[in-house]
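Let's take a walk through this structure together, moving from one part to the next. Please keep the sequence and the 3D view at hand as you read.

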Amino acid sequence: MKFAVKAWSNGSARAGVVQLGNFPHPIETPCLLLSTRKGLPFFISPDLLPSLPSPDSHLLQVCPLHFLEGLSPKTISNSGGLHQMLGLHDYGLAAVTRDSIQCLPEYNSTNKVGASFETPCGRLLIKPVEYMELISSMRPNIWATLADEVPTWVSDKRNRTSVDRTVRWLDDCIALSPAGGAVFGAIVGGSNVEERRRCAQEVAKRNVSGYWIGGFGLGESRDERPALLNTITDILPEEKPRLICGLGLPEEVLQGVASGVDLFDSVYIYHLTLGGFAITFPLNGVDENESNFQLSDIGSDRTKINLRATVYRKDTSPIVEGCSCYTCQNHTKAYINHLLNVHEMLAQTLIEIHNTHHYLGFFRAIREAIKTGNFEQFHRQFIEGRRNCVAVAAVHA
Amino acid sequence: MLLTPEESIQIQNRIGADIIMALDDVVKTTITGPRIEEAMYRTLRWIDRCIAAHKRPHEQNLFGIVQGGLDPVLRDICVRGLVDRNLPGYAIGGLAGGESKDSFWRVVAQCTAALPEDKPRYVMGVGYPLDIVVCSALGADMYDCVYPTRTARFGTALVPEGVLKLKHNAMADDTRPIDPTCACMVCRTYSRAYIHCLVTKDAMGSQLLSYHNLYYMMKLSRDLHMSIIEGRFPEFVCNFLRIMFPKGDVPEWVCNAMEVAGIDISSCCSPFSSSQD
């Protein structure tokens, strides 16, 4: 994997490119990693993946723990690694233990031996050795070292321990690291600025290809996040990519971009899809339609619409007018409303396609803003647009 | 909801399908008594109401459905009644319930023998690959069934040998494709081991297996079609049965049906063979 920064906007926001060995086109950053379950999207079948915008949709986040539910590392090895097993030869795979959906760090059970996770097959304790065995058999393009992620409400002592452990495991993982694959050093530290600084400094000393910023989205407030992020990114070398997990919402992504983060995972798409919501927020942050405030009753606002709502039963327009995704080109809100009502899985497939397409468009808008030097303005306009939308909904509630 | 023939046809007229079905009165084949006869005569009365209510006869083809349970006399009356109405196509209904295979094939055989040669015969609710091969030998043309996708959602793949249960622990480290002879996207890309870890747990497992199973059914149809066109249908049937019943234990109902259909499958049946180990 090769990474280079190409442009800066005011502040720390930067646009760059990632070049992977198995995919000819460079992938521009800031970039979204698509969430997967056992390596494939939740609902978008592999033959529909190419219909998503390329190359932006070619980075997938894979959680190694998913495979413990029925696939041994040996079988993955025998299959020739993940790319071979999944048939995703020209996709970039980033292995990260945290998927924020079903595999959640269980900080109370994590101990000096390994990191604990709550998974669909129970509570698992993963030691660095076991983790590296999985990584070696999977052969992802990028992988994060094993971390002890803790929420912000733990004691200072526990937080300090998590930093010590994470750094120690970083060294263990690097020592066992396979020949290929870019190692991203994990950085934790909770909401303690000093610990974040300490961890970032330690990790920056190690010979890694990039940095995985963990521990966010676990209780820190929106206001304290920028300071914590900046503490980390100020220390990290500029020329190496930064990947973060746990910042899923558009506002959170913007905070990450403003601090100089390049790669993001997000469970936003997944949760909205499951709920039957389609993302509709205007990508340039400016909404032409001021008058749809009555939709707030049914859980819709200018961000998203609730396709289960009866108001869409006869709506033969696409989710977003002018959207070039497969769903909007071929289907109507009425049809998806019907699918949701009769519990057809096609509903989730169509919604996930649209939501992914739309969110990738959001990232593209971010990149454009950075390249034209307008990121701060874009960021401000977007946040203000969201605030107005909430205020208008509140007035008419 | 009580659906009348007029309502049924009106709704189907609005949906706009190329083939629409008459409203019939279906009863389970496992019951006996006057209800079956009542259902058959009602089906005949309703076909006239369906024909009268059909507003788009030049765009949509109304198929009648033969009922009559397992009673050959009733079935015969129903077939004659429907054929008299000169419909674009005919369905054989009321099967695919709990009846024995032996009863099932005989009803199909009787209907296909009596229905016009130049109109399609649609056996509703069928079915298993073996059933489709037998019914095709007996002269049926069209089928529908939830089986391929439903069995996929439960982790079962359709293969030439029969079925493959991907949920089985033995699949967990089997790096072969589901069916080495299958050219579908799933068999070209994924191994049994990977599908095993998905099935019954993740939506993607259902999707991938459904994809393969549907591909299997479409290939079966295409192979049946080509073998008939190329004049090698009996060979195709024998090969199909040989792979599915390698020990030669072809079920008796299949043997009987093939005999009536005029297909010689003696080369793949060995009911009392002593030459096997």
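Strand 8 of chain A, residues 115–119, is a good place to begin in this predicted model. Four of its five residues are buried, so strand 8 of chain A is largely enclosed by the rest of the structure. Buried here means under 20% relative accessible area.

What does strand 8 of chain A pair with? One partner is strand 7 of chain A, residues 104–105, joined to strand 8 in the antiparallel sense over two bridges. In this pairing you can find Leu104(A) standing opposite Glu118(A) of strand 8 of chain A. Another partner is strand 9 of chain A, residues 122–126, and here the antiparallel pairing runs over five bridges. Look for Thr119(A), which stands opposite Gly122(A) in strand 9 of chain A. The link between strand 8 and strand 9 of chain A is a hairpin that passes through two residues.

Put together, these strands of chain A form an open sheet of three strands in the order 7-8-9, with antiparallel pairing. Strand 7 and strand 9 of chain A are the edge strands, each pairing on one side only. As you turn the sheet, recall that in a regular strand the side chains alternate between the two faces of the sheet.

Now let's turn to the nonpolar interior. The largest nonpolar core has 137 residues, and those with the most contacts inside it are Tyr359(A), Phe362(A) and Tyr194(B). Helix 11 of chain A, residues 346–371, gives this core its largest share, with 12 residues. Apart from this core lies another one, of 63 residues, among them Leu44(B), Ile132(B), Tyr147(B) and Val237(B). In soluble globular proteins, nonpolar side chains tend to be buried together.

Tyr194(B) deserves a look of its own. Leaving aside residues up to four places away in sequence, Tyr194(B) touches Arg37(A), Lys38(A), Gly39(A), Leu40(A), Phe67(A), Leu71(A), Met85(A) and Leu86(A).

Let's finish on the surface. Which residues make the nonpolar surface patch of about 460 Å²? They are Met1(B), Leu3(B), Ile11(B) and Ile15(B). Of these, Ile15(B) lies in helix 1 of chain B, which spans residues 5–15. Is Ile15(B) buried or exposed? Its relative accessibility is 64%, so Ile15(B) counts as exposed, the cut-off being over 50%.

Notes:
Residues numbered from 1 in each chain as written. Chains lettered and ligands numbered in written order. Predicted model: local features only at pLDDT ≥ 70, side-chain atom pairs only at ≥ 80, totals over all residues. Heavy atoms only, no water. Patch = residues over 30% accessible without salt bridge, like charges linked within 9 Å, V, L, I, M, F, W, Y side chains within 5 Å. Areas by Shrake-Rupley, 256 points an atom, 1.4 Å probe, with all protein chains shown as cover. Salt bridge = Lys/Arg side-chain N within 4 Å of Asp/Glu carboxyl O. Buried < 20%, exposed > 50% of the residue type's maximum accessible area, 1.4 Å probe, protein only. Pairing = 2+ DSSP bridges. Core = buried A, V, L, I, M, F, W, Y, C linked by side-chain atoms within 4.5 Å. Contact = heavy atoms within 4.5 Å.
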